[in-house]
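Biologist: I'm new to this one. Can we go through how it packs, step by step?

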Amino acid sequence: IYERDRHAIEIMLDTPVDFILMRGYYQGTTFWSPRLFRRFFLPRIKRLVDIVHQAGRLFGYTMSVGVMPLLDAFVEMGVDANYLLDPIEGGGGQRIDLHKVKATWNGKVAVIGGINEPITLERGTREEIRQEVFDAVRILGPGGGLCLSPAEAIQPLTTWESIEILMEAWREV
């Protein structure tokens, strides 16, 4: 898998892309212990990050569940951004400690995400949506490094009203 990923990255680096994203959905601690992640994934991902950085590009990594025990691993790997950080990890209602994310990644790893789509945006109340936007921006935003976005994709069941609430709260905060 590493060789295939490396080859794909080399092909992408022959194009004018600025940001290369690796999806690590099944590499989080939901599936692997932190010890096994560090043994099997971390050194390989770090090598891929190094290849991308040597070409003057940015490297993003998607891990939306099982991320909390690996916050320092993102820094160690040299990842530029976590793509789709979900504040309600795994949809099970367990909240991500955004303060710990900010403290660990501040100035080292950017966050693209911060808004849960299926629970908050799709089914949340106006106040729940607003609170999640305010929390993400107030905690993750200071000093830069936040691209506020729903984690994953906006699904068909999400109402336009919810999107408007999100945008209104973002403008307000």
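Modeller: Sure, but it's a predicted model, where local features need pLDDT of at least 70, side-chain atom pairs count only at pLDDT 80 or more, and totals for chains, interfaces and linings use all residues. Numbering starts from 1 along each chain as its sequence is written, and side-chain values use heavy atoms, leaving out hydrogens and water.

Biologist: How do the axes of helix 1 (residues 2-12) and helix 2 (residues 34-54) cross?

Modeller: Helices here are DSSP runs (H or I, at least four residues), and strands (E, at least two) are too, numbered from the N terminus. The axes, lines fitted to C-alpha atoms over the stretch in contact, give angles from 0 to 180 degrees between N-to-C directions. These two come within 10 Å and cross at roughly 10 degrees. Angles under 35 degrees count as roughly parallel, so helix 1 is, relative to helix 2, roughly parallel.

Biologist: Which residues of helix 1 make that contact?

Modeller: Contact means heavy atoms within 4.5 Å. Helix 2 brings Arg44, Arg47, Leu48, Ile51 and Val52. Facing them from helix 1 are Tyr2, Asp5, Arg6 and Ile9.

Biologist: Which residues of helix 1 are buried, and on what side do they sit?

Modeller: Buried means under 20% relative accessible area (1.4 Å probe, protein chains only). Tyr2, Asp5 and Ile9 qualify. Their arc, taken from the directions from the helix axis to the C-beta atoms, is only 65 degrees, so they sit on the same side of helix 1.

Biologist: What do those buried residues pack against?

Modeller: Think of the buried residues of helix 1 as having three partners, by that contact cut-off. They are strand 1, helix 2 and strand 2.

Note on methods:
Parallel < 35°, antiparallel > 145°, perpendicular 65-115°, else oblique. Buried < 20%, exposed > 50% of the residue type's maximum accessible area, 1.4 Å probe, protein only.
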